[in-house]
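Visitor: I'm new to this one. Please start with a single residue and work outward from there.

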Amino acid sequence: MKARLPWGLLAVVAVAAGAFFTLGPALVERSMNRIDGQPPIAVSDEARALHETLTIVDLHSDTLMWDRDLLSRSRRGHEDLPRMEEGNVALQVFSSVTKTPSGQNYDANDGDSDNITPLVIAQLQPVRTWTSLLERSLYHGEKLDRAVAASDGRLARVTTPGELDGLLARRGEGGNTPVGAMLSVEGLHNLEGDLANLDRLHAAGVRMAGLTHFFDNDLAGSMHGIAKGGLTAKGRAAIRRMEDLGIVVDIAHCSHACVADILAMARRPVVSSHGGVQATCKVNRNLSDEEIRGVARTGGIIGIGYWDAAICDTSPRAAARAMKHVRDLVGIEHVALGSDYDGATTVRFDTSELVQVTQALLDEGFTHEEIRAAMGGNALRVLRAGIAPMEPAR
């Protein structure tokens, strides 16, 4: 005769399970995506007036990883559509994060563990995403498409130069909507060993991708991996296919050897979507001056983040100093924004308060035209060219 659990115990188990699936993911996010509560900098009338005229592009956020309604204002995290509208964001690049290691750190991680799988299950995502990294990215694309469809025109998917131009034309008609949404991938371990899956990702709307995240994979070494090697033969083939398709190559999180290999072979502008520079914040993931020059030689851009490990502070003034270094070293045309909002980061301001960056750039002596370029103009140039399929060689 089989023992049976008392009904009371079953009820307790059911309530506990319900609480885990309902509250667990929210509690995890609340603890990881934080505003530090330090006072903002004073914003002038000049900065507010200028900010309202900018076309702002952010090259990287991880918002799709979390179980939140993108269209509704949330009391947690850094970003949602209402806050993007308040911050005057014109285009947000949303990253698909599919795997991160346990004990994640900036120095050395292997790929033998995964923090994302428990989060995926706790969020009750489709079962197909529980065991497949590729399916997690495809799900993120579907999630973004659903938000666009339900937004009543306030959010617009961008996958082609024509769609980007259409977005800007609609915004130019007045108001700050729609907000554009582009999909990227943080680490091509989601190819699951098959380069043909690049075509599936492209068909799902992916238009930017970094080869690595926090661990080495079969394409390249990560700055936070064990071997930290350069591109493999498969990695080189991936770069060529990405360029052909119109997927912008992102060097964020790549090892120094990987960055050097990519810059040496790139035929199109390369992006560092989110991070900082060694000159103002000596953290291993940040770019050296030689790497900054290499990105500039490709015609690419460097997205500066707002969290401590990118700029050694959370003040918008620290972000502006990093942007000033890039400008002074290689020119204003290579400066961009890469917030890493909702990427398990603590920041000073959310996306509704991006005027903080505008003010900090004014205080650093940037001209209005330089601020227009850094806050979005440069990113628009690189993305418009980079997402177009490459013309076959003649």
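Visitor: Is Pro-316 buried or exposed?
Guide: Its relative accessible area is 1%. This is a predicted model, where local features need pLDDT of at least 70 and side-chain atom pairs count only at pLDDT 80 or more, while totals for chains, interfaces and linings use all residues. Under 20% relative accessible area is buried, over 50% exposed, and in between partly exposed (1.4 Å probe, protein chains only). So Pro-316 is buried.

Visitor: And which residues is Pro-316 in contact with, leaving aside its neighbours within four places in sequence?
Guide: Numbering runs from 1 along each chain as its sequence is written, and side-chain values use heavy atoms, with hydrogens and water left out. Contact means heavy atoms within 4.5 Å. With those neighbours set aside, Pro-316 touches Ile-41, Arg-348, Phe-349, Gln-356, Val-357 and Ala-360.

Visitor: Which helix gives the most to the largest nonpolar core?
Guide: A nonpolar core is a set of buried Ala, Val, Leu, Ile, Met, Phe, Trp, Tyr and Cys residues joined through side-chain atoms within 4.5 Å, and helices (H or I, at least four residues) and strands (E, at least two) are DSSP runs, numbered from the N terminus. The largest core here has 83 residues, with Leu-155, Leu-188, Leu-211, Ile-262, Tyr-306 and Met-323 having the most contacts inside it. Seven of its residues come from the top contributor, which spans residues 316-330 and is helix α12.

Visitor: How many residues are in the other core that lies apart from that one?
Guide: Val-93, Ile-301, Ala-379 and Leu-383 are among its members. The total for this core is 19 residues.

Visitor: Back to Ile-262. Which elements are among those covering the buried residues of its helix, α9?
Guide: Helix α9 takes in residues 256-265, and its buried residues are Cys-258, Val-259, Ile-262, Leu-263 and Met-265. Beyond four places in sequence, Ile-262 itself is in contact with Leu-231, Ile-239, Val-249, Ile-251, Cys-254 and Val-270. The cover over the buried residues of α9 includes α8 (233-245), β7 (248-250) and α10 (289-297).

Visitor: The structure holds three aromatic pairs. How are the rings of Tyr-106 and Phe-214 arranged, and what is that pair called?
Guide: Rings of Phe, Tyr and Trp (its six-membered ring) pair if their centres lie within 6.5 Å; planes under 30 degrees apart count as stacked, over 60 as edge-to-face and the rest as tilted. The centres of Tyr-106 and Phe-214 are 5.8 Å apart and their planes stand at 40 degrees, so the pair is tilted.

Visitor: How far apart in sequence are Tyr-106 and Phe-214?
Guide: Tyr-106 is in the loop between β3 (89-96) and α4, whereas Phe-214 is in the loop between β6 (206-210) and α8. The pair thus links distant parts of the chain, 108 residues apart.

Visitor: How much space lies in the largest cavity?
Guide: On a 1 Å grid over the protein atoms alone, a cavity is a set of points where a 1.4 Å probe fits but cannot get out, and a pocket is an open set with protein on both sides within 12 Å along at least five of seven lines; lining residues have an atom within 4 Å of a point. Grid points are joined across faces, edges and corners, and a volume is the space filled by probe spheres set on the points. The search finds three cavities of 30 Å³ or more. The largest cavity holds about 90 Å³.

Visitor: What about the largest pocket: which element gives the most to its lining?
Guide: That pocket has a volume of about 500 Å³. It is lined by 31 residues, with Met-32, Met-65, Gln-104, Gly-343 and Ala-344 nearest its centre. Five lining residues come from the top contributor, α1.
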